[in-house]
Amino acid sequence: MTADELQILHEDNHIIVVVKPQNVASQPDSSGDADMLTLIKEYVRVKCGKPGNVFIGLVHRLDRPTGGIMVFARTSKAAERLSAQIREGSFDKRYYAVVMGRPREKTERLAHYLLKDEETNTTNVVPASTAGCKYAELQYTLIENEGIVSLVDVRLDTGRSHQIRVQMKTIGNPVFGDARYG
């Protein structure tokens with residue numbers, strides 16, 4: 001993917017909203033593959049004729065396998081305000097996921113404690129007393145069930161690493177096609 005291929009949904013002096021394709025990283029990682037943050041910086045650098053480093057604030061991430069809409073800050077002030085909205089819970093984070101099976105409830109709030117293993121880049125549900133764990137909460141609503149899979153609408157109340165994938169797997173409904181947790 002190149003900066004020319006970005007699908008920009010909204011752009012102004014404060015934010016840029018873009019579609020992140022599946023299997024593209026949100027930010028640079030050890031793979032060296034193209035990532036959204038670098039692509040957007042290049043897009044703004046070329047479009048605005050800016051020499052040198054361009055500021056783009058990464059205020060949230062999507063897992064590499066996940067496609068969806070991302071919001072990036074174009075100024076440090078916008079990054080600060082967006083980050084505050086995320087912390088305060090007024091930044092609505094919604095996802096649609098195809099999961100295996102049919103969830104036991106039509107709507108359910110899931111609350112777990114998660115611990116990320118940096119060495120394996122995996123996250124696990126652990127007891128609340130586990131050192132270093134973080135509280136994770138989401139609510140899902142079943143939209144439709146088609147035999148062995150279901151479409152769910154997920155609203156994140158927190159934003160933990162691999163949160164939807166881990167929490168849905170924990171209740172017996174892993175994300176369809178998820179090689180790591182499914």
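Modeller: Two strands pair if DSSP finds at least two bridges between them. Helices (H or I, at least four residues) and strands (E, at least two) are DSSP runs, numbered from the N terminus. This is a predicted model, where local features need pLDDT of at least 70 and side-chain atom pairs 80 or more, while totals for chains, interfaces and linings use all residues. Residues count from 1 along each chain as its sequence is written, and side-chain values use heavy atoms, without hydrogens and water.

Biologist: OK, start with the five-stranded sheet: what order do the strands take?

Modeller: The sheet is open and its pairing is antiparallel. From one strand to the next, the twist averages 45° (axes are lines fitted to C-alpha atoms, for helices over the stretch in contact; angles run from 0 to 180 degrees between N-to-C directions). Reading across, the order is β5-β9-β8-β6-β7.

Biologist: And which strands stand at the edges there?

Modeller: Look for strands with a single partner. One side of each is left without a neighbour in the sheet, because each of these has just that single partner strand: β5 and β7.

Biologist: I've got my cursor on H112. Which residue is its bridge partner in β8?

Modeller: Strands β6 and β8 run antiparallel and are joined by eight bridges. Follow H112 over to β8 and you land on its bridge partner, A136.

Biologist: Moving on to β9, what is the bridge partner of Y96 there?

Modeller: β9 pairs with β5 in the antiparallel sense, over eight bridges. Eight bridges also join β9 to β8, with E144 opposite L151 as one of the bridge pairs. For Y96, the partner in β9 is D153.

Biologist: Which residue in the β8 and β9 hairpin takes a positive phi?

Modeller: There are two residues between the strands of this hairpin. The phi in question is near 70°, and the residue is G147.

Biologist: How many of the eight residues of α3 are buried?

Modeller: Buried means under 20% relative accessible area (exposed is over 50%, partly exposed in between; 1.4 Å probe, protein chains only). Helix α3 covers residues 163–170 and is mostly covered itself. Its buried residues are Q163, I164, R165, V166, Q167 and M168, so the count is six.

Biologist: At what angle does α3 run to β8?

Modeller: The buried residues of α3 pack against β5, β6, β7, β8 and β9 (contact means heavy atoms within 4.5 Å). The helix lies across those five strands, and its angle to β8 is about 70°.

Biologist: Over to the four-stranded sheet. What is its strand order?

Modeller: This one is open too, with antiparallel pairing. Its edges are β1 (7–11) and β3 (57–58), each with a single partner strand, so one side of each lacks a neighbour in the sheet. The order is β1-β2-β4-β3.

Biologist: Which residue in β4 stands opposite G57?

Modeller: β3 and β4 (residues 68–73) pair in the antiparallel sense over two bridges. Opposite G57 stands A73.

Biologist: At about what angle does helix α2 run to β4?

Modeller: Helix α2 (residues 76–88) lies across β2, β3 and β4. Helix α1 (residues 36–48) lies across β1, β2, β3 and β4, at about 130° to β2. For α2 and β4, the angle is about 130°.

Biologist: Last one: is H60 buried or exposed?

Modeller: H60 is found in the loop between β3 and β4. Leaving out residues up to four places away in sequence, H60 touches I69, M70, V71, I86 and F91. Because its relative accessibility is 11%, H60 counts as buried.
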